[in-house]
Amino acid sequence: MRRKLPIVVLAVVVALATAGVAAATNGGLTPVQPESPNARHTVTAYWVIVGFTAVIFFLVEGLLVVFIWKYRGRGRGRDVEGPQVHGHARLELIWTVIPVLILCAIGTVVFLELPKIDSAPASTNALHVTVEGHQFYWQFDYPNGARSINTLYVPAGRVVELDVIATDVIHSWWIPALGGKIQAIPGRVNHTWFGPTPPGTYEGQCAELCGIYHASMNARVVAEPATAFSTFFAGRNAANLGKQEWQGVCATCHGNLGQGGYGPNIAANSLLTQEAGLRTILRYGVNGSTGAMPPVGDTWTSAQLKALVAYVKKNIYKGPPAGGANGG
Ligand code: CUA
């Protein structure tokens, strides 16, 4: 019984440690289905490396089992050494040369794939978007002045080039189906790209621990057919922007209805309806005796603030009606 206990404990620990991986889609072994050329080239490099390492793994583990069986004690005394083997020049040469060749093969594949992962294909109609990481949301700036929060709208079938920046701490832009991670670093502009993609919704997640709500810093790319995208692009989506700001920025700390959470209850706070006061708080943050709030809207435009105030007044504010003609 005592000898079996460590084995049982080990089995339980291994089962717990690997449960998450096993529960993941496709067994956690493979990357998600790539939907952009750069992601496809990353997956190619991945499979080449998995191929080599799988063969080596089974070869080494198989030989290990064979040797354990072949050179077992056979009743020999515990302190008696088995037959010793010394030096085998040809064998040693083989197991030095083969790994060198494997590394050369992997290196060749990776260096052939890298440029195709790194550089966007030449395109005359690429869409350029600035991706701004904030605690704890993503803001997207489109060439015509439109903005969106947490959801990046793009035209399907076109290349999208991204300038990735941050205003507070380091975040990491990552939509697995559309390519690798790229860090959003304050004071620096990083570049990445994806597309052309088929129409669809591609989910992602900030991949750099950036603070208490890092885990809820989700991102989503919605690739729309050309007409749907032009409607969004032309309309600037003002009504939707206020909702996105509330849900993607304010609600993270203050709750979906402003009922409070990590941040205080603000559902009845008349400041919600005062554009000027709200602007100051969002631009500069609060650092008072009752708590701190980061300057989440330090890069927001007036239109953006107005969109938030309009949405909040209509859908969130539960206090007494704002007084007077200029109350809003
Ligand atoms: Cu932003 Cu983690």
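This is a short selection tour of pockets, a cavity, ring pairs and salt bridges in one structure. Keep in mind that the model is predicted.

**Stop 1: the largest pocket**

Select His-254, Pro-264, Ile-281, Ala-292 and Met-293. These residues lie nearest the centre of the largest pocket, which has 28 lining residues. The space inside comes to about 690 Å³. Now colour the elements that give two or more residues to this lining: α5 (238-254), α6 (275-284), β12 (291-293) and α7 (302-315). Which element gives the most to the lining of the largest pocket? That is α5, with five residues. Colour the lining by class next. You should find 21 nonpolar residues, seven polar and no charged.

**Stop 2: the second largest pocket**

Move to Leu-59, Val-60, Trp-95, Ile-98 and Pro-99. They are the closest to the centre of the second largest pocket, out of 13 residues that line it. Its volume is about 360 Å³. Show α2 (37-70) and α3 (89-118) as ribbons; each supplies at least two residues of the lining. Helix α2 gives the most, with seven. By class, this lining has 13 nonpolar residues, no polar and no charged ones.

**Stop 3: the cavity**

How many cavities of 30 Å³ or more does a search of the whole structure find? The search finds one. The largest cavity has a volume of about 60 Å³. To see its wall, select Asn-38, Trp-173, Trp-174, Ile-175, Leu-178, Gly-179, Gly-180, Thr-192, Trp-193 and Phe-194. Strand β8 (residues 190-194) provides the largest share of this lining, three residues. The wall divides into six nonpolar and four polar residues, with no charged ones.

**Stop 4: from the cavity wall to a ring pair**

Keep Trp-173, one of the residues lining the largest cavity, and add Phe-140. Their ring centres are 5.7 Å apart and their planes stand at 70°, so the pair is edge-to-face. Trace the chain between them. Phe-140 is in strand β2 and Trp-173 in strand β6 (residues 171-173), so far along the chain that 33 residues separate these distant parts. Buried or exposed? Both Phe-140 and Trp-173 are buried.

**Stop 5: a cluster of rings**

The structure has eight aromatic pairs in total. Select Phe-136 and Tyr-213 for another of them. With centres 6.0 Å apart and planes at 70°, these rings are edge-to-face. Phe-136 sits in the loop between β1 (127-134) and β2 (137-141), and Tyr-213 in the loop between β9 (200-205) and β10 (218-224), so the pair ties together parts 77 residues apart in sequence. Switch on the surface. Phe-136 is buried, at 10% relative accessibility. Tyr-213 is partly exposed, at 21%. Add Tyr-262 to the selection: ring pairs link Phe-136, Tyr-213 and Tyr-262 into a cluster.

**Stop 6: charges over rings**

Go to Trp-69. The charged end of Arg-72 sits over its ring, 3.9 Å from the centre. Then go to Trp-174, another residue of the cavity wall. Lys-181 lies over its face, 4.5 Å from the ring centre.

**Stop 7: salt bridges**

Side chains of opposite charge can pair when their charged atoms come close. The count here is five salt bridges.

Begin with Lys-116 and Glu-113, whose side chains meet at 3.8 Å, N to O. Both are in helix α3, three residues apart, which puts about one helical turn between them. Lys-116 is partly exposed, at 39% relative accessibility. Glu-113 is buried, at 10%.

Finish at Glu-275. Arg-279 forms a salt bridge with Glu-275, with the closest N and O atoms 3.2 Å apart. These two are four residues apart in helix α6, again about one helical turn. Glu-275 also meets Lys-306 in a salt bridge of 3.4 Å, N to O. Lys-306 is in helix α7 and Glu-275 in helix α6, so this pair ties together parts 31 residues apart in sequence. Select all three to see the network of salt bridges that links Glu-275, Arg-279 and Lys-306. Check the surface once more. Glu-275 is buried, with a relative accessible area of 16%. Arg-279 is partly exposed at 24%, and Lys-306 is partly exposed at 48%.

Key. Residues numbered from 1 in each chain as written. Predicted model: local features only at pLDDT ≥ 70, side-chain atom pairs only at ≥ 80, totals over all residues. Heavy atoms only, no water. Phe/Tyr/Trp six-rings, centres within 6.5 Å; stacked < 30°, edge-to-face > 60°. Buried < 20%, exposed > 50% of the residue type's maximum accessible area, 1.4 Å probe, protein only. Lys NZ or Arg CZ within 6 Å of the ring centre and 35° of its normal. 1 Å grid on protein atoms, 1.4 Å probe; cavity = no way out; pocket = protein on both sides within 12 Å on 5 of 7 lines; lining within 4 Å. Points joined across faces, edges and corners; volume = space filled by probe spheres on them. Nonpolar A, V, L, I, M, F, W, Y, C, P; charged D, E, K, R; others polar. Salt bridge = Lys/Arg side-chain N within 4 Å of Asp/Glu carboxyl O.
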